[in-house]
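Please examine the sequence and the structure shown below. The paragraphs that follow lead through the sheets, the helices packed on them and a patch on the surface.

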Amino acid sequence: MKIYLNPNSTELKVILQRKVLNENLVENTVKDVFEKVKNEGDKAISEFSKKFDNVNISTFLISKVEFIEAIEEVPEELKNAISQAALNIEKFHSNQKENVSIIETMEGVKCWRKSIGIEKVGIYIPGGTAPLFSTVLMLGIPARIAGCDEIVLCTPPDKNGKVNPAILYTANLIGISKVYKIGGIQAIAAMTYGTESIPNVYKIFGPGNQYVTAAKQYAQQINIAIDMPAGPSEVMVICDETSKEQFIAADLLSQAEHGIDSQVVLVSDSEDKIRLVNDEIKVQLENLPRRSIIEKSLENSIAILTQKINIVSIINQYAPEHLILNTSFNEELILGIKNAGSVFIGEFTPESAGDYASGTNHTLPTNGFSKQYSGVSLDSFVKKITFQEISRIGIKNIGKTVEIMAEAEGLLAHKNAITIRLNNLKDENK
């Protein structure tokens with residue numbers, strides 16, 4: 001972890017920049033895969049599965065037998081943990097439902113808004129070194145609560161063509177039956193265009209590496225909505241001299257183990273604490289099985305010593321996916337936070353609790369996108385339709401206002417749609 005002591009604003013801009021892959025290489029690969037999937041469907045999916053995932057596969061849909069086998073493989077203890085997490089996530093997201101409220105803006109003019117579930121949604125679940133069955137809960141549960149008619153889940157298989165059993169158990173638990181053994185760019189392309197065996201969707205959700213992120217952004221150009229732009233996972237931890245370095249180091253390491261391109265950032269007003277945390281990281285790292293991944297991740301990671309007065313500015317400039325506040329002045333910081341995906345407050349609130357089971361959603365904007373995007377919520381799976389109903393009294397009350405405004409804009413057909421009704425009412429009263 002690189003340590004920076006009291007950098008100025010110019011230096012901070014450079015320090016807080018994220019590392020990115022060669023964009024041209026990524027974009028060209030995505031474009032090629034999409035074009036081939038569009039033209040060749042399942043055949044292209046099989047070819048790319050062989051090329052990128054080193055697996056020979058021609059049947060992508062998970063069978064009932066595979067679901068049954070997976071359910072039997074998952075230990076009871078893990079099943080119970082998943083069930084508890086599911087209950088918490090359902091409770092938190094169910095509370096986000098909006099009741100329809102009819103507003104009478106003036107006498108006889110009623111307006112309201114209703115949330116309607118997006119009919120067809122796609123969920124991408126990374127497999128690889130960390131099969132994220134927890135993300136199945138985070139995306140599948142709000143999709144179901146929202147009333148989405150069709151939920152399609154894609155996740156990469158291993159070299160033997162098998163999907164991680166915990167992913168299948170979790171999907172089955174929450175009622176997702178359309179699970180396809182497809183990963184990477186080709187999965188996003190399949191859900192975008194649809195193939196002989198894989199349905200297309202209207203909105204795609206889920207985390208992934210920079211290739212998956214680029215694929216989702218490319219899908220947007222083909223009129224497919226996505227949850228948000230997202231890249232490698234990241235955390236910013238704020239600590240001071242009162243913080244326990246064991247807790248801080250553990251939080252940084254927990255995020256660093258996601259992948260070699262993950263980034264962890266430590267910010268403190270105590271140089272001694274930064275040094276102690278750095279030493280503690282080395283101690284804890286010795287016992288972690290994903291040590292090689294973490295070490296690579298830590299090469300991209302930084303610690304910043306700054307004055308307390310500058311901390312909120314640094315938070316908002318970096319706009320972290322995850323923000324952990326572990327200081328004696330948490331409440332002061334909270335008042336100034338404008339840009340963060342999800343905030344974890346206090347020494348007993350690790351980011352891993354939100355990743356799995358506290359109830360909040362862990363699908364969050366990365367790469368600074370929390371400046372303009374929210375994390376996934378129930379709202380992500382619905383569209384809002386507005387309604388209005390105007391009575392005879394209402395058209396009389398609002399009519400003149402609309403006529404005047406329409407005429408001022410030179411849209412006389414708009415004005416006439418009101419006038420013809422007002423005249424009709426006059427004729428009725430004769």
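In this predicted model, six strands make up an open sheet with parallel pairing, arranged in the order β1-β11-β10-β9-β12-β13. Its edges are β1 (2–5) and β13, each of which pairs on one side only. Between neighbouring strands of this sheet the turn is 15° on average, direction ignored.

Within the six-stranded sheet, β10 (residues 263–268) and β11 (residues 302–305) run parallel and are joined by four bridges. V267 has I304 in β11 as its bridge partner. Helix α11 (residues 271–285) packs on the sheet and touches β1, β9 (234–239), β10 and β11; the direction of α11 makes about 180° with that of β1.

The edge strand β13 (residues 342–345) contains V343. This residue is partly exposed, its relative accessible area being 34%. Together with I334 and I345, V343 makes a nonpolar surface patch of about 200 Å². V343 can belong to such a patch because its relative accessible area of 34% satisfies the requirement of over 30%.

A further open sheet has five strands in the order β6-β5-β4-β7-β8, again with parallel pairing. Here β6 (178–181) and β8 (225–226) are the edge strands, each pairing on one side only. Five bridges connect the parallel strands β4 (residues 120–124) and β5 (residues 150–155), and G122 stands opposite V152 in β5.

Two helices pack on this five-stranded sheet. Helix α6 (residues 133–146) touches β4, β5 and β7 (203–205), and its direction makes about 170° with that of β5. Helix α8 (residues 184–193) likewise touches β4, β5 and β7; the direction of α8 makes about 175° with that of β4.

Notes
Residues are numbered from 1 along each chain as its sequence is written. This is a predicted model: local features need pLDDT of at least 70, side-chain atom pairs count only at pLDDT 80 or more; totals for chains, interfaces and linings use all residues. Side-chain values use heavy atoms; hydrogens and water are left out. Patches are made of residues with over 30% relative accessible area and no salt bridge: like charges are joined within 9 Å, nonpolar side chains (Val, Leu, Ile, Met, Phe, Trp, Tyr) within 5 Å. Accessible areas come from the Shrake-Rupley method with a 1.4 Å probe; for residues, only the protein chains shown count as cover. A salt bridge is a side-chain nitrogen of Lys or Arg within 4 Å of a carboxyl oxygen of Asp or Glu. Buried means under 20% relative accessible area, exposed over 50%, partly exposed in between (1.4 Å probe, protein chains only). Two strands pair if DSSP finds at least two bridges between them. Axes are lines fitted to C-alpha atoms, for helices over the stretch in contact, and angles run from 0 to 180 degrees between N-to-C directions. Contact means heavy atoms within 4.5 Å.
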